[in-house]
Amino acid sequence: MRPTFEESMELVGLSSNWNNFNDDQKELIQALVDDGQAHLFAGWDEPGINEEKKKEFLDSLVKINGNYPGGLAGYIANARKLLAESKAGANPFEGLTPEKPDTVDLTEFTAEFEKYEAIGATHFDKVGMVLVAGGLGERLGYNGIKLDIAVEVLENTTYLKHYADNLLAMQARSESKRPVPFVIMVSQDTGPKTIESLEANNYFGLSRDQVHILQQELVPAIADNSGTLALEDKYELILKPHGHGDIHMLLYTSGLAAKLQREGIEHLMFIQDTNGPSFNTLPSAIGVSVEKGYDFNSLAINRVPGEAVGGLARLVGNGKEFTLNVEYNQLDPLLRATISPEGDVADESGFSMFPGNCNTLVIRMESYVKILEASKGIIAEFVNPKYTDETKTAFKKPTRLETMMQDLPKLFGESEKVGVTIFSRFWSFSPNKNNVVDAAAKIASGGPADASATAENDFYAAGRARLDVAGMKVEEAEQKMILGVPFTLGPKVILRPSFAMTLDEGCDKVSGGSISDEATLIVDGADITLDNVQLSGKSALVVKACDGAKVTVKGAFENEGFELVELTGEERAPDSDVPEFLKIRGYNFVNKGAAVYEFNEPGEYVVEA
Ligand code: UGB
């Protein structure tokens with residue numbers, strides 16, 4: 001017979017401590033003991049010994065219990081259910097066959113692309129941005145937070161500043177001038193430094209009220225199939241990350257999603273911490289979501305088989321069909337078991353038939369808030385224990401429940417519409433995830449590097465593309481291998497979001513001109529026009545204008561520009577004082593005489609070379 005609560009307390013030796021607990025603690029302990037977790041309190045020291053540790057332990061239990069919808073009891077129940085399914089070998093894709101999903105193809109800058117951009121641009125004041133930035137970036141091995149890494153090293157713009165600049169540009173363009181809500185999910189690892197960075201930079205010009213920091217918490221590790229919570233030692237749980245899907249839980253538990261909806265926000269766009277090009281896609285992706293009535297729009301690229309990005313597939317079977325991300329570790333087995341005995345391989349296009357998930361998502365608020373209410377923000381949790389053997393009775397190490405933000409459509413019904421919008425890779429997806437050694441290995445094996453140098457390379461490529469569309473003659477340079485990773489020597493073009501957020505704006509502000517293979521152009525300001533500007537050789541031109549400064553730039557500029565300098569082995573060594581954001585790419589730029597024009601007072605100006 002199951003012991004009573006008092007008997008359990010006696011068995012684990014907790015009785016003598018009982019009177020020291022407050023009512024909340026007693027209630028939680030009782031519930032945990034009744035739920036088969038008496039081991040959490042086994043062998044406790046007599047009152048007076050290790051009281052601080054006991055308090056910290058109970059505080060952590062109370063905190064975790066409060067963070068998770070349904071409390072620890074809910075978490076343990078979910079774990080038992082998922083572990084039983086995992087043990088039974090339940091296949092989440094049973095009976096489903098993957099097919100190529102329907103897509104909107106925006107890989108080319110066509111009239112259709114511009115049509116969607118125009119629609120999206122009228123919705124800037126109905127969009128909220130959500131940045132998930134709780135990850136440690138273990139693959140990159142960077143010592144600070146990834147948001148503090150520079151996306152380009154001509155002016156050392158950090159990811160966080162780049163994102164803030166885009167928000168400011170969005171609101172400057174909207175009729176209402178309403179601040180764009182900026183939700184940042186942090187974790188205990190990234191939270192303090194993220195706030196420090198915002199504070200130190202005066203929120204990069206954003207208002208404090210528009211920035212909403214949500215902190216994800218770790219979840220308890222599970223030791224076995226019975227859902228036993230794992231202990232690090234007598235008074236400490238083992239805690240692990242729950243995944244980026246926590247953003248949905250936090251937007252629900254904080255009430256923020258519902259609040260933003262009440263305030264008129266119609267779409268949320270979710271972005272990752274180091275995907276610089278996300279904002280290139282924003283106007284057109286919002287346009288697609290609005291025009292097609294998508295509840296969930298996954299932004300995608302043509303995927304290289306085997307690449308560590310999920311594949312977007314239409315799954316058909318069991319009387320249903322739906323479009324979903326199949327995570328990269330599940331795609332190959334699913335394909336082998338269904339349509340492709342060779343697994344995750346290219347089709348005749350040279351790419352995987354399943355577009356790659358950029359994890360940039362546009363979600364319609366109306367359906368989102370309803371789903372959050374119904375699910376309490378717990379989105380398609382899963383468990384992935386590593387078993388000691390095929391009996392699946394023991395784990396090699398404690399596991400935990402996880403959740404991914406792209407899995408929201410798992411909760412969709414027939415009335416919700418999921419779409420996939422495909423973009424060119426340089427324009428939409430160039431994350432900075434891999435250290436330079438792994439990046440070089442990825443390049444050697446024919447895959448994308450997704451590293452600091454390639455992220456910077458694509459940052460300039462997007463600028464070049466905007467100039468090209470606007471009719472400037474752009475002469476692209478050769479690629480140079482730096483530490484085994486390719487970098488296009490130029491031209492290096494940064495058109496800040498203040499200058500152009502859509503292709504159309506670029507066309508309005510740039511007429512004619514040419515830029516040669518190793519030249520540099522940086523333009524920052526809403527009212528700057530480039531009138532037949534010519535940059536030859538390595539020449540560099542930097543033009544910055546404050547609001548109200550109308551600047552026309554003309555003529556041919558010639559100077560020594562910026563020179564790329566590779567770091568030496570000594571400079572890259574861990575103990576050198578070269579900043580880490582340079583070491584992780586292996587080069588820097590030296591200004592050899594760029595032409596720089598800055599206008600900090602409103603007025604009309606002409607710059608003529
Ligand atoms: N993140 C959090 O905020 N909290 C967490 O607990 C974990 C992460 P990773 P991952 O773009 O290449 C995703 O670790 O999870 C943030 C997609 O699932 O960089 O391996 C973190 O800070 C995959 O389908 O990526 O894979 C970062 O901003 C594919 O699209 C973001 O979540 C892949 O990204 C992603 O975290 C990719």
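Student: What makes Ser284 the centre of a kink in helix 10?

Tutor: Helix 10 has a kink of about 35°, centred on Ser284. The bend at a residue is the angle between axes fitted to the seven residues ending there and the seven starting there. Helices are DSSP runs of H or I, at least four residues, and strands are runs of E, at least two; both are numbered from the N terminus. This is a predicted model: local features need pLDDT of at least 70, side-chain atom pairs count only at pLDDT 80 or more, and totals for chains, interfaces and linings use all residues. Residues are numbered from 1 along each chain as its sequence is written, and side-chain values use heavy atoms, with hydrogens and water left out.

Student: How do you know what helix 10 should span?

Tutor: The expected span is 1.5 Å times one less than the number of residues. Helix 10 has 15 residues, so it should span 21 Å. Its end C-alpha atoms are 20 Å apart, which agrees.

Student: Why is helix 10 called largely enclosed?

Tutor: Because 12 of its 15 residues are buried. Buried means under 20% relative accessible area, exposed over 50%, and partly exposed in between (1.4 Å probe, protein chains only). Among the buried ones are Phe279, Leu282, Pro283 and Ser284.

Student: What comes just after helix 10?

Tutor: Gly293, with a positive phi of about 65°.

Student: Why is the contact of Arg364 and Asp295 called a salt bridge?

Tutor: A salt bridge needs a side-chain nitrogen of Lys or Arg within 4 Å of a carboxyl oxygen of Asp or Glu. Here N to O is 3.1 Å, so the pair fits the definition. Arg364 is in strand 17 and Asp295 in the loop between helix 10 and strand 14, 69 residues apart.

Student: Is Asp295 buried or exposed?

Tutor: Asp295 is at 4%, so it counts as buried. Arg364 has 27%, so it is partly exposed.

Student: What makes Asp45 and Lys234 a salt bridge?

Tutor: Their side chains meet at 3.5 Å, N to O. The pair links distant parts of the chain, 189 residues apart. Asp45 is buried at 19%. Lys234 is partly exposed at 32%.

Student: What does the salt bridge of Glu566 and Lys480 tie together?

Tutor: Glu566 lies in strand 32 and Lys480 in strand 23, so the pair ties together parts 86 residues apart in sequence. The N to O distance is 3.1 Å.

Student: How many salt bridges are there in the whole structure?

Tutor: A search finds 32. Glu99, Asp102, Arg314 and Glu321 are linked in a network of them.
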